[in-house]
Structures are given as structure tokens and as C-alpha cells.
Amino acid sequence: MGWIVGPLIGGALIFGADLGDQMAMAKPYIFVGAAVLMVCILLSFMKLPEIVPQSDAPVRDDAAGKSSIWAYKHLKWAILAQFMYVGAQTGIFSFFINYVTELDPAISNLSASRLLSFGGMGLFFVGRLSSGIVMKWFRPAHLLAWFGALAAVCMVVVILSLGRISLYALYLSFFFMSMMYPTIFALGVRGLGPHTKKASSYIVMSTVGGAVFPVLMGYLGEGSIAMGFLLPLVGFLVIGGFAWSERNK
């Protein structure tokens with residue numbers, strides 16, 4: 001639910017503040033910082049268990065005789081895919097309000113933040129819950145390939161700026177993004193045995209894409225913010241390619 005509440009509160013604090021309120025931009029970050037500090041304090045008093053890989057865990061057929069994690073092609077694919085996903089997600093989240101207000105100047109920043117909260121993040125929440133259920137009948141790689149392809153189609157419609165249709169496509173992209181992070185992660189470490197912990201750390205570090213994409217999207221979208229969504233389009237195509245390569249493994 002934090003996906004929905006966060007943009008709602010942030011939008012209300014920033015865009016709903018008085019014109020003379022110089023702390024409007026700082027308030028959401030103060031609240032987030034305080035919440036993170038509280039979590040850190042709580043974790044400092046908790047004893048977390050050490051995770052030991054099971055020796056009888058299934059190992060991939062292509063893992064025989066490989067001593068280096070970089071010998072696993074699917075791991076390198078997963079690191080790239082996760083970089084692309086987090087970059088695309090962060091970029092879309094960051095430029096949602098800019099895109100909506102540029103597409104329809106009648107929509108205020110405050111109204112756009114509510115659309116982000118209930119429209120985009122609401123679909124993200126629904127997608128995360130429903131995809132877990134759907135995976136009982138569909139292989140994760142197959143579902144990820146479909147979602148990657150459909151998210152790419154959504155980005156094409158967004159780039160074309162077709163009015164309300166593009167706005168709906170932007171909403172739908174949140175739904176298709178919802179299951180990507182955990183699925184990419186699981187496919188990336190699948191069957192790595194004793195290499196799992198080290199491989200996991202590299203996939204987690206690939207989230208640096210979230211720091212790269214917004215800068216590049218802002219540069220590409222300087223004239224028209226719609227053009228900035230070319231980067232998420234490329235990202236979703238890469239994710240779909242990774243999923244396709246894992247479909248029969």
C-alpha cells in the first residue's frame with residue numbers, strides 16, 4: 001500500500017503547500033529519512049539468521065564445472081535486465097507528472113500526483129498481487145516475456161502522445177512492471193548453488209540504473225518529455241529478451 005500512499009502524501013505536501021512555504025520540497029524527505037532511521041534502529045536490535053545455501057538445491061544443467069559466477073550467461077543477462085528495469089521504473093515514476101501535465105495542460109500537478117497514486121501505483125499494486133497467483137499456471141519466464149513485450153508496446157503509445165489513449169498506456173505500464181523485479185532476480189540466481197549469495201549481490205547492485213535513467217530521460221525529453229520514454233522502451237525490450245532466453249530452462 002506504500003506505493004499508493006507515498007505519491008499521495010508527497011503530492012499533497014509539495015503541490016498542496018502554500019506558495020510561501022519554503023519547506024514544501026523538504027518535508028517528504030524529512031519524513032522518509034525519519035522512517036528509514038526508525039527501521040535502522042529496529043534492525044540494530046534484531047538478530048538476523050545466516051542464510052546457508054542447501055547442498056541439495058537443484059543446479060542448472062549448464063552449471064557443471066563453472067567456478068566463476070561470470071561463466072553463467074543467464075546471470076549477466078539478469079544483471080543487465082535488472083539495471084534496465086529499475087532504470088525504466090524510476091524514470092517512469094519520476095516523469096509521470098511531467099508527462100501528464102504536458103499531455104493535458106488542464107491537469108494540475110496536484111491532480112497528476114493523485115493520478116500517479118491511484119492510477120499508476122494502484123495498478124502496480126494489483127499487478128504485483130495478481131501475477132503471483134497467475135504464476136501457478138504460467139512459467140515465470142513466459143509471463144515476464146509477455147509483460148516485457150506489452151510494457152514496450154505501452155511505451156510506444158506513450159511516445160506517440162495520442163492523448164487519453166497514451167495516458168491509459170502509461171497507467172498499464174505500471175501493471176506490467178509490477179512483477180519484473182522479483183522475477184528477474186529469481187531467474188538470475190536460479191540454479192547457481194553456492195554462487196547464489198554473491199550473484200544476488202551483483203543483481204542488487206545493478207539497481208544503479210535508477211540513478212542513470214532519469215538523467216538521460218530528462219536530457220532526451222528536454223524538447224518533449226514523451227521522447228524520454230524511449231529509454232524505458234529499450235529497457236523493456238531487453239527484459240523481454242532475457243525472459244525469452246530463459247523460457248525453456
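At 45% relative accessibility, Cys-40 counts as partly exposed. Cys-154, by contrast, counts as buried because its relative accessibility is 6%, which is under the 20% limit for that class. The count of disulfides in this predicted model comes to 0.

The protein contains 10 helices and 0 strands, and its elements from the N terminus on therefore read α-α-α-α-α-α-α-α-α-α under the helix and strand assignment used. Of the 249 residues in the protein, 41% are buried. The exposed surface amounts to about 13700 Å², and carbon and sulfur atoms supply 71% of that area. Among contacts between residues at least 6 apart in sequence, 77% join residues at least 24 apart.

In soluble globular proteins, nonpolar side chains tend to be buried together. In the present model, the largest nonpolar core holds 61 residues, and the members that touch the most others are Leu-170, Met-180, Phe-229 and Phe-236. Two or more residues each are given to this core by α3 (73-103), α4 (109-134), α5 (140-160), α6 (164-177), α7 (180-189), α8 (196-205), α9 (209-220) and α10 (230-245). The most come from α3, which gives 14 residues. With neighbours within four places in sequence left aside, Leu-170 is in contact with Ile-92, Phe-96, Tyr-99, Val-100, Met-155, Val-158 and Phe-229. Phe-229 is thus both a contact of Leu-170 and one of the core members that touch the most others.

Aromatic rings form 13 pairs in the model. One of them joins Phe-96 and Phe-174 in an edge-to-face arrangement, with 5.7 Å centre to centre and 90 degrees between the planes. This pair links distant parts of the chain, as Phe-96 belongs to helix α3 and Phe-174 to helix α6, 78 residues apart. Both Phe-96 and Phe-174 are buried. A further pair, Phe-147 with Phe-175, is tilted, with 5.8 Å centre to centre and 40 degrees between the planes. Here too distant parts of the chain are linked: Phe-147 is in helix α5 and Phe-175 in helix α6, 28 residues apart. Phe-147 counts as buried because its relative accessibility is 10%. Ring pairs also link Phe-93, Phe-96, Phe-124, Tyr-168, Tyr-171 and Phe-174 into a cluster, so that the edge-to-face pair of Phe-96 and Phe-174 lies within this group under the 6.5 Å limit between ring centres.

The loop between α6 and α7 holds Ser-178. With a relative accessible area of 0%, Ser-178 is buried. The side chain of Ser-178 reaches the backbone oxygen of Phe-175 at 2.6 Å. Beyond neighbours within four places in sequence, Ser-178 is in contact with Phe-124, Gly-127 and Arg-128. Gly-127 is placed in helix α4 and counts as buried, its relative accessibility being 0%. With neighbours within four places in sequence again left aside, the contacts of Gly-127 are Phe-175 and Ser-178. The C-alpha atoms of Gly-127 and Met-179 are separated by 6.9 Å, although these two residues stand 52 residues apart along the chain. Phe-175 therefore appears in several of these relations: as the ring partner of Phe-147, as the residue whose backbone oxygen is reached by Ser-178, and as a contact of Gly-127 within the 4.5 Å limit.

The buried residues of α7 are Met-180, Thr-183, Ile-184, Leu-187, Gly-188 and Val-189. An α-helix has 3.6 residues a turn, so residues three or four places apart point the same way. The buried residues of α7 pack against α3, α5, α6, α8 and α10. Met-180, listed among the buried residues of α7, is also one of the core members that touch the most others. Just after α7, Gly-191 takes a positive phi of about 75 degrees.

A positive phi is found as well at Ser-161, a residue other than glycine, where the value is near 50 degrees. Ser-161 lies in the loop between α5 and α6. At 34% relative accessibility, Ser-161 counts as partly exposed.

Terms used
Residues are numbered from 1 along each chain as its sequence is written. This is a predicted model: local features need pLDDT of at least 70, side-chain atom pairs count only at pLDDT 80 or more; totals for chains, interfaces and linings use all residues. Side-chain values use heavy atoms; hydrogens and water are left out. A nonpolar core is a set of buried Ala, Val, Leu, Ile, Met, Phe, Trp, Tyr and Cys residues joined through side-chain atoms within 4.5 Å. Buried means under 20% relative accessible area, exposed over 50%, partly exposed in between (1.4 Å probe, protein chains only). Helices (H or I, at least four residues) and strands (E, at least two) are DSSP runs, numbered from the N terminus. Rings of Phe, Tyr and Trp (its six-membered ring) pair if their centres lie within 6.5 Å; planes under 30 degrees apart count as stacked, over 60 as edge-to-face and the rest as tilted. Accessible areas come from the Shrake-Rupley method with a 1.4 Å probe; for residues, only the protein chains shown count as cover. A disulfide is a pair of cysteine sulfur atoms within 2.5 Å. A polar contact is a pair of N or O atoms within 3.5 Å; within protein, one must be able to donate a hydrogen and the other to accept it, and residues adjacent in sequence count only if both atoms are side-chain atoms.
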